Amino acid sequence: MPDHSSNLLVEKFLRNRREFLRDAAGMALGSALLPTSMFGRSGVEQKKRKVVVVTFGGGARDQETFAPEGQENIPTMMRELLPQSSFFTQVINQGILGHYVATASLATGVYETFNNFAATPPESPTVFEYFRKDLKRPSSDAWVVAPSNGFNRIGESSHRLYGPGLGARVILPKHLLKAATSGEKNFENLLRDNYETPLYAPELSGNNFEMQQLAELLKLSLDDFKAHALTLSSPDELSVYIARQLMRQVAPSLLWITLHDIDIAHAGAFSLYLDGIRRSDRLCADIWKTIQSEPEYKDKTNMFILPDFGRDADEDAGGNGFQHHRTGDALSRTTWLLVMGPGIREGVVYDRRLQSTDLVPTIGSLMGFSAALSSGKLIQEVL
Ligand SMILES: [Zn+2]
């Protein structure tokens, strides 16, 4: 459990951040506003609504993002996205701080407890299964773009009431690129699979699509794909490129994009960690621009951006500052959530404490399905 002094540290960060957001981004402080109607305020029918979730991963701290001293690293979110957003300053992750298990927990609305470094599906139903089962949607309507082979089972749980055949299609862009380039040297910077344990690289199985089929679906010729990949500087850029193709060609209603470049922090170079944050900042704005420029998405899509978790505090003797996320201290568990799109109050900051598990039931309420087995609560402020 976090000790008293680290709780005080978190309090200090939150206070600073709140005041900063009000001053610098002109945000208003939201109170416990009640939803105005049970059908929401947006005028978008539930069945036409789309949701895009972006995890600002893997693992960024407050002091390099929304705390006053971090804002220079996220200029695009500060200037372009925040004024159009409802922003929640306290999202607490009480689960295991490993990227796959934490992202799976975000996707199930339950703190999953499986081994982070195992090729295992989530135990509780995912948001994709609730969505597809309740609303009778085809598999083409729910997709995940995931950063590493270790995430290949995230689309579908092992739950007996849901599970096989009801999950999302999972694209692993690096796997796709590797198959397309069969070991060519030029792509090494895009193909690094895992920043934490280079030894863990599961064999792929499950519902990830066959390479050729996917390329056809996305209208990607292998030559175009390879040529474009050479212009990209990071795995997350590759993921966003694939996500954009997917939005144009398939236009799924539920799309989950997991960014992961920030986790290069494990290599120990602070400058690379900051580069990852700055790139993620730019990519989040790019995704929003794509949403608002594609007719299938424009004005009917809510975007949720949130980190999977934070990183250790510099002050914590058991941690190693930005480099790792090992202590489970209060800072590494305290993140944020930014929500945009129709029906969302713009330029409002909320201090109420949320849980990471609140995301899934809230998406359910926006799209008209029930996340029956999630332990999270509705985020009423965005409904
Ligand atoms: Zn990590």
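Biologist: Helix 5 and helix 9 (residues 235–249) pack at about 95°, their axes 9 Å apart. What makes helix 5 and helix 9 roughly perpendicular?

Modeller: This is a predicted model in which local features need pLDDT of at least 70 and side-chain atom pairs 80 or more, while totals for chains, interfaces and linings use all residues. Residues are numbered from 1 along each chain as its sequence is written, and side-chain values use heavy atoms, without hydrogens and water. Now the angle: about 95° for helix 5 and helix 9 sits in the roughly perpendicular range (65 to 115 degrees; under 35 is roughly parallel, over 145 roughly antiparallel, the rest oblique). Hence helix 5 and helix 9 are therefore roughly perpendicular. On the helix 5 side, Pro173, Lys174, Leu176 and Leu177 make the contact, facing Pro235, Leu238, Ser239 and Ile242 of helix 9 (contact: heavy atoms within 4.5 Å).

Biologist: And why are helix 5 and helix 8 called roughly perpendicular?

Modeller: The axes of helix 5 (residues 173–181) and helix 8 (residues 222–230) come within 10 Å and cross at roughly 115°, so by that yardstick the two are roughly perpendicular. The contact brings Pro173, Leu176, Leu177, Ala180 and Thr181 of helix 5 against Leu222, Phe225, Lys226 and Ala229 of helix 8.

Biologist: Which residues are the protein donors of the zinc ion?

Modeller: They are His99 (NE2), Asp263 (OD, listed twice), His266 (NE2) and His325 (NE2), lying 2.0 to 2.4 Å from the zinc ion. A donor is an N, O or S atom within 2.8 Å of the metal (3.2 Å for Na, K and Ca), and water is not among the atoms, so sites may look incomplete. The donor distances of 2.0 to 2.4 Å fit that limit. Along the sequence the donor residues run H-x163-D-x2-H-x58-H. His99 lies in helix 3 (residues 99–108) and His266 in the loop between strand 6 (254–258) and helix 10 (270–293), so the pair ties together parts 167 residues apart in sequence.

Biologist: Why is Thr89 called buried?

Modeller: Its relative accessible area is 0%, and buried means under 20% (exposed over 50%, partly exposed in between; 1.4 Å probe, protein chains only). So Thr89 counts as buried. His99 and His266 are buried too, and 60% of the 383 residues count as buried.

Biologist: Where is Thr89 placed?

Modeller: Thr89 is in strand 3 (residues 86–92). Helices (H or I, at least four residues) and strands (E, at least two) are DSSP runs numbered from the N terminus; the protein has 12 helices and nine strands.

Notes:
Axes are lines fitted to C-alpha atoms, for helices over the stretch in contact, and angles run from 0 to 180 degrees between N-to-C directions.
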